[in-house]
Amino acid sequence: MAWSSIKTTGIVLTVSPFRESDRRYRILTPDLGKIDVIGRGAQKGMAKLAPQLEPFRILSLEVVQGRRYMTIISAELKQRLSGLHRSFDARLLASSSCAFLDRALQELGGRDAIYPELEAWLNFLDGAGEIPRRERLLLYGGLLLRLMSHLGYDIEFEHCTSCRTSGNDPFWHPAYGGVVCADCRNKDRHRWFTAERIDLRVLDLMQAAQQLTYEDMFVLTADRTIVKQYTKCIQDLVAMHVPGYFRAPYWEGVLV
Ligand SMILES: [Zn+2]
């Protein structure tokens with residue numbers, strides 16, 4: 001067999017021990033999607049390689065595809081994102097999002113837009129400094145809505161998912177991916193029995209969180225009740241549609 005190495009860029013999502021002295025890295029790349037690579041403990045130079053292979057760093061990588069495993073043979077730092085190591089809040093958000101992607105991409109595979117989204121998100125967090133609780137919830141919810149859209153779930157905030165009209169008395173139905181109007185819901189209560197009335201301000205907030213830049217999300221205003229409904233709606237969407245997602249609510253990871 002001829003050895004062929006692959007060069008790529010990547011961000012380490014998670015690291016775990018593998019066998020006695022090896023490590024297993026889940027890495028998101030722009031061209032190969034998510035890859036699962038092994039770092040061999042006995043490998044010459046691994047002592048130099050391992051410190052680079054920490055989560056949330058942007059790396060230049062070289063990997064070799066073996067019959068069963070992909071092995072990493074070189075890793076160079078492209079961008080350190082050291083602001084993430086100075087802000088506890090930013091690190092919390094970064095590690096939650098990397099763990100989320102590790103699980104969510106298990107079955108869905110890599111999608112072209114996911115890597116740039118993660119890189120932009122980490123760059124934003126790198127310069128964000130301290131992030132208050134409320135903003136952490138809004139930002140992470142916004143990231144999840146964007147990732148869902150990249151994974152093919154276009155969420156409907158304005159038009160009824162059944163009749164396509166925009167009504168003023170919307171209900172929320174996570175399984176159908178958005179709002180349903182009161183008329184449709186009343187006509188077929190059996191079909192829409194889990195739909196719940198939703199405040200228009202919550203819909204506006206979700207839409208803004210999906211569309212604004214992360215920096216601009218700091219100017220969003222919303223009171224506690226609206227933020228609470230916002231997080232619940234996003235949690236329901238993710239739990240309903242994203243494979244491999246744990247049932248624990250996403251805010252547990254970002255409010256410690
Ligand atoms: Zn309708």
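**Exercise 1. Which residues does leucine 144 touch, not counting residues up to four places away in sequence?**

Before we start, a word on the model: it is predicted, local features need pLDDT of at least 70, side-chain atom pairs count only at pLDDT 80 or more, and totals for chains, interfaces and linings use all residues. Residues are numbered from 1 along each chain as its sequence is written.

*Solution.*
Step 1. Settle what a contact is: two residues are in contact if their C-beta atoms, placed from the backbone, lie within 7 Å.
Step 2. Leave out residues up to four places away in sequence, and leucine 144 touches Ile234, Val238 and Tyr250.
Step 3. Place two of these partners: Ile234 and Val238 are among the buried residues of helix α8. A residue is buried if 20 or more other C-beta atoms lie within 10 Å of its own, exposed if 12 or fewer, and partly exposed in between, with C-beta atoms placed from the backbone.

**Exercise 2. Describe helix α8 and what its buried residues pack against.**

*Solution.*
Step 1. Helices (H or I, at least four residues) and strands (E, at least two) are DSSP runs, numbered from the N terminus. The protein has 9 helices and 8 strands.
Step 2. Helix α8 covers residues 224-241, which is 18 residues. The expected span of a helix is 1.5 Å times one less than its number of residues. From first C-alpha to last, α8 reaches 26 Å, close to the 26 Å expected.
Step 3. Apart from Ile234 and Val238, the buried residues of α8 include Val227, Tyr230 and Leu237.
Step 4. The buried residues of α8 pack against α5 (133-150), β6 (171-173), α7 (200-211) and α9 (251-254).
Step 5. Now look at α5: it has 18 residues and reaches 26 Å from its first C-alpha to its last. Its buried residues include Leu137, Tyr140, Leu144 and Met148. Glycine 152, with a positive phi near 105°, follows α5.

**Exercise 3. Find the largest nonpolar core and explain where it lies.**

*Solution.*
Step 1. A nonpolar core is a set of buried Ala, Val, Leu, Ile, Met, Phe, Trp, Tyr and Cys residues joined through C-beta atoms within 7 Å.
Step 2. The largest core has 67 residues, and Leu144 and Met206 touch the most other members.
Step 3. α5 gives the largest share of this core, 9 residues.
Step 4. Domain 1 (5-79) and domain 2 (132-155 + 196-254) both give residues to this core, so it lies between them. The domain bounds come from an automatic or database domain assignment.
Step 5. The centres of the two domains, taken over C-alpha atoms, are separated by 31 Å.

**Exercise 4. In what order do the strands of the barrel stand?**

*Solution.*
Step 1. Two strands pair if DSSP finds at least two bridges between them.
Step 2. 5 strands close into a barrel in the order β1-β2-β3-β5-β4, with mixed pairing. On average, neighbouring strands of this sheet are turned by 50° against each other, direction ignored. Axes here are lines fitted to C-alpha atoms, for helices over the stretch in contact, and angles run from 0 to 180 degrees between N-to-C directions.
Step 3. Check one parallel pair: β3 (residues 33-39) and β5 (residues 70-79) share 2 bridges, and isoleucine 38 stands opposite threonine 71.
Step 4. Check two antiparallel pairs. β4 (residues 58-65) is joined to β5 by 8 bridges, with valine 63 opposite isoleucine 72, and a hairpin links these strands through 4 residues. β1 (residues 5-18) is joined to β4 by 7 bridges, and isoleucine 11 has isoleucine 58 as its bridge partner.

**Exercise 5. Is serine 162 buried or partly exposed?**

*Solution.*
Step 1. Serine 162 sits in the loop between α5 and β6.
Step 2. Serine 162 counts as partly exposed because it has 18 C-beta neighbours inside 10 Å.
Step 3. Its contacts, not counting residues up to four places away in sequence, are Val180 and Cys184.
Step 4. Serine 162 and glycine 178 lie 16 residues apart in sequence and 9.9 Å apart in space, C-alpha to C-alpha. Glycine 178, in β7, is the bridge partner of histidine 173.
Step 5. β7 belongs to an open sheet of 3 strands in the order β7-β6-β8, with antiparallel pairing.
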